[in-house]
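Colleague: Please bring up the model. I have a list of questions about it.

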Amino acid sequence: MDGLGKVVFIGAGPGDPGLVSYKAIRRIKQADVIIYDRLVNPILLQLSKRECELIYVGKNPDVKYKAQDEINRIINEKAALGHTVVRLKGGDPGIFGRLSEEVDSLEGKYLYEVIPGITSASAAALYSGFPLTDRAHAPHVTFSTGHLQKDSLKEIDFQALAKGGTLALYMGMKALPEIVEVLSKDMDAHLKVAVVGNASYGYQKTVIGDLSTINNLVIEHKVTHPAMIIIGDVINVREGLSWYETLPEFGMRKLVVSKGKLDIETILEMYDNGGFYYAIDQLNDDDIQEKYQTIHSEILSIHGFDEVITDDMETVSLLESQFNIKINPSKIKVNASLNS
Ligand code: SAH
């Protein structure tokens, strides 16, 4: 082992930051560098220490932001400097996470650890109100990619995988119509299919149908990436809305803004109410603003927040000028004791 660098591959779970392990949280707090994916809830980054460097290497199904070689290169470059490098990945790093490619790239030069995460299939099912296996409905569950290489419809026997149990498909949204067509050839048209978009986020969308209806339902309800496709009778266990979908703030998005330093753990606890929460703090601290510039801007551009909680109106003006946005006054809620 040359150098003291260490690489920690961490499963950041599916979205709800409460679904991250205690060990993962400890390592995020210790990191000198965090290299993170698109599917990671960015609020977790705010647990990092002040001087920690954040590097976004997100990939998007349409745009390949950074090629795998480039990610491997960055991991090695930072480890070579003797840093504790956290590689934060969505879900579980060992499930469709290209973990072995990244570990191999270290060529045995650095110590490394791998921390499992809760995989999207588990969260999609349980946050939608059904399990993945069940004594009455499904004695087995299969995790498969639904991403089809050329001709791979022949390589993956989806019918065999779906027979008699649960089939959970990752990366399958693009090929959903083809997969449904293959399954429909000799399976019951009423075989249940659930598509769960953004599982365990406050804007999770679950649609339930069967082989004959699911394609239209997905279009009708505009379920988009990232989404899990889950196929099997186990979906029958769901009754009405799930425990998660009935939480008091399910569907809401709240932004907490402060000039002072917020206690991020209290923001994480807000997630127990079922919404999506994000924090922007230390607005007068240039180093902090520079550190989070990319991620804050992206979050502000993606999410329309229903409520902006702030210590005073001056903070809102500061946010507006720093990010070149306008907050609708009716959404602002002043809470003077935010960071006391
Ligand atoms: N390592 C990840 C999977 C990465 S592959 C894990 O264990 O979950 C990327 C695929 O994961 C996406 O195409 C989608 O199918 C699924 N996925 C990731 N996050 C998700 C989420 N919050 N909700 C639904 N599906 C998700």
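Colleague: Which residue in E3 does Val33 stand opposite?

Modeller: First, this is a predicted model, with residues numbered from 1 along each chain as its sequence is written; local features need pLDDT of at least 70, side-chain atom pairs need 80 or more, and totals for chains, interfaces and linings use all residues. Side-chain values use heavy atoms, without hydrogens and water. Strand E2 (residues 33–36) runs parallel to E3 and is joined to E3 by 4 bridges. Across from Val33 in E3 stands Glu53.

Colleague: What is the strand order of the open sheet of 5 strands?

Modeller: Strands here are DSSP runs of E (at least two residues), helices are runs of H or I (at least four), and both are numbered from the N terminus. Two strands pair if DSSP finds at least two bridges between them. In this sheet the pairing is parallel, and the order is E3-E2-E4-E1-E5.

Colleague: Why is one side of E3 and of E5 left without a neighbour in the sheet?

Modeller: Look at the order again: E3-E2-E4-E1-E5. E3 (53–56) and E5 (111–115) stand at its edges. One side of each has no neighbour because each has a single partner strand.

Colleague: What does the twist from one strand to the next average in the sheet with edges E3 and E5?

Modeller: Each axis is a line fitted to C-alpha atoms, and angles run from 0 to 180 degrees between N-to-C directions. From one strand to the next, the twist averages 15°.

Colleague: Which are the edge strands of the open sheet of 4 strands?

Modeller: Its order is E12-E11-E13-E14, and the pairing is parallel. On average, neighbouring strands are turned by 20° against each other, direction ignored. Two strands pair on one side only: E12 (276–280) and E14 (332–334).

Colleague: What is the bridge partner of Val256 in E13?

Modeller: Start with the strands: E11 (residues 253–257) pairs with E13 (residues 307–310) in the parallel sense. That pairing covers 4 bridges. In E13, Val256 has as its bridge partner Ile309.

Colleague: Now the ligand. How many residues surround the ligand?

Modeller: A residue counts if one of its heavy atoms lies within 4 Å. The closest are Ile95, Thr119, Ser120, Ala199 and Ala227. The number surrounding the ligand is 18.

Colleague: How many Å separate a polar side-chain atom of Ser120 from an oxygen atom of the ligand?

Modeller: Take the backbone first. A polar backbone atom of Met171 lies 3.0 Å from a ligand oxygen, and one of Ala227 lies 2.7 Å from a ligand oxygen. For Ser120 the polar atom is in the side chain, and its distance to a ligand oxygen is 2.6 Å.

Colleague: Is the peptide bond from His225 to Pro226 cis or trans?

Modeller: Pro226 lies in the loop between helix H8 (214–220) and strand E10 (227–231). Omega for the bond from His225 is near -5°. The bond is cis.

Colleague: What value is phi of Phe96 near?

Modeller: Phe96 sits in the loop between strand E4 (84–89) and helix H3 (99–105). Its phi is positive, in a residue other than glycine. The value is near 50°.

Methods:
A polar contact is a pair of N or O atoms within 3.5 Å; within protein, one must be able to donate a hydrogen and the other to accept it, and residues adjacent in sequence count only if both atoms are side-chain atoms.
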